Structure formats: C-alpha cells, structure tokens
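Hi everyone, thanks for coming. I have one structure to share today, so let me put it up on the screen.

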Amino acid sequence: MPIGRKYLFTWVHLSDLHFGHGDPAYQWNQKAVLGHIEQDIARALKEWPELPRPEALIVTGDIAFSGATRDSTEYDQAYQYFTRIQMMLGLAPENLYFVPGNHDVQRGVSQPIVDQVRKDPYALDGLLKVAQNRTDLGL
C-alpha cells in the first residue's frame, strides 16, 4: 500500500529547540539547525506528495532557552519560527500544540512558591487560588 493511504492522524513533532540559545560555548549553531529543519519540512512537502499532509504541529519541551530571562526575545523568535512552519504546513493556529519544558520556567520567579509547597504540600491549593502565583508558575 502506498504511503499515506490510510492514517488516523498526522503531525510534525519538534522538541527542545531552545530559542535564544545560540551560545558558541556549546558548539552548536542553532540558526543552522533551525534552518535545516525548515528545509527538511519544505523538501518533504515538495518531493514526497504521497505523504499525508500534517494535521498538527506539536512542540514539546524547551521552547526557550531560559524562559526569556537571559534573552527577552526567546519567545518572539519562537513565535516567528513557528508561524513560518505553520504557514508551510498550511495549518490553522488551533492546530499548533505546545508543551513547556524545564527551560521554559522562570525559576527565580516561581522558586518561593515551590519552596512553600516543598515545606507543606497541603499549601498548594491555597497558593493556586492567588492569580499572581498561577502566573508565576506559568499556569
């Protein structure tokens, strides 16, 4: 059976892109990697028309490098990149799914809440009733 004849759900899955990284000390050229991902998606769409069109873009974990604390443009960079991917794939915005990772947390902001819960796990319900605490935790 040719590829793509029967399928329930198709997607593109990306993970751990760490926008804002780009630190040469880690010996990675993030822009080149991101460019190659875009090129690979464009090539697959062009050269393999028998593949089913993805119905969703799923991004799991570590969208930013530091939760935008090291570089305030981390999420702006991610937004621009994922908008290009979304357009390439012809997806509606509601078909993009993001799951934050540990690098997406601003630890300095949320650490006092985490410390309170570690001391008293029963305090969590009360802490989550406060809107600013939910914001600080990224909820």
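I'll go through the overall layout, then two unusual backbone angles, then the salt bridges and a surface patch.

Please keep in mind that this is a predicted model. What do we have in the way of secondary structure? The protein has five helices and three strands. Reading from the N terminus, the order of the elements is β-α-β-α-β-α-α-α, so strands and helices take turns up to the third strand, and the rest is helical.

On to the chain as a whole. There are 139 residues in the protein, and 29% of them count as buried. Taking the contacts with a separation of 6 or more, 75% are between residues 24 or more positions apart. As for the outside, the protein exposes about 9500 Å², with carbon and sulfur atoms supplying 58% of that area.

Now to the backbone. As a reminder, most residues other than glycine have a negative phi. Which residues go against that here? His 18 is one of them, with a positive phi near 50°, and Asp 62 is another, with a positive phi of about 50°.

Let me place these two for you. His 18 sits in the loop that runs from strand E1 (11-15) to helix H1 (30-47). Asp 62 belongs to the loop between strand E2 (56-60) and helix H2 (74-89). Are they buried or exposed? His 18 has a relative accessible area of 16%, which is under the 20% cut-off, so His 18 counts as buried. Asp 62 is buried as well, with a relative accessible area of 6%.

I'd like to stay with Asp 62 for a moment. What does Asp 62 touch, leaving out residues up to four places away in sequence? The list includes His 18, which we just met, along with Asp 16 and Leu 17. Asp 62 also touches a run further along the chain: Pro 100, Gly 101, Asn 102, His 103 and Asp 104. Within that run, the backbone nitrogen of His 103 is reached by the Asp 62 side chain at 2.8 Å.

Next, the salt bridges. How many does the structure hold? There are two.

One joins Glu 38 to Arg 84, and their closest N and O atoms are 3.1 Å apart. Glu 38 lies in helix H1 and Arg 84 in helix H2, so this pair ties together parts that are 46 residues apart in sequence. The two partners are not covered alike: Glu 38 is buried at 18% relative accessible area, whereas Arg 84 is partly exposed at 39%.

The other salt bridge is between the side chains of Glu 47 and Arg 43, with an N to O distance of 3.1 Å. Here both residues lie in helix H1, four residues apart, which is about one turn of the helix. Glu 47 is partly exposed, with a relative accessible area of 42%, and Arg 43 is partly exposed too, at 45%.

Last stop, the surface. Leu 8, Phe 9 and Trp 11 form a nonpolar patch there, and together they have about 400 Å² of accessible area. Leu 8 comes from the segment before E1, and at 84% relative accessibility it counts as exposed.

That's my tour. I'm happy to go back to any of these spots on the screen if you'd like another look.

Definitions and conventions:
Residues are numbered from 1 along each chain as its sequence is written. This is a predicted model: local features need pLDDT of at least 70, side-chain atom pairs count only at pLDDT 80 or more; totals for chains, interfaces and linings use all residues. Side-chain values use heavy atoms; hydrogens and water are left out. Helices (H or I, at least four residues) and strands (E, at least two) are DSSP runs, numbered from the N terminus. Buried means under 20% relative accessible area, exposed over 50%, partly exposed in between (1.4 Å probe, protein chains only). A salt bridge is a side-chain nitrogen of Lys or Arg within 4 Å of a carboxyl oxygen of Asp or Glu. Contact means heavy atoms within 4.5 Å. Accessible areas come from the Shrake-Rupley method with a 1.4 Å probe; for residues, only the protein chains shown count as cover. Patches are made of residues with over 30% relative accessible area and no salt bridge: like charges are joined within 9 Å, nonpolar side chains (Val, Leu, Ile, Met, Phe, Trp, Tyr) within 5 Å. A polar contact is a pair of N or O atoms within 3.5 Å; within protein, one must be able to donate a hydrogen and the other to accept it, and residues adjacent in sequence count only if both atoms are side-chain atoms.
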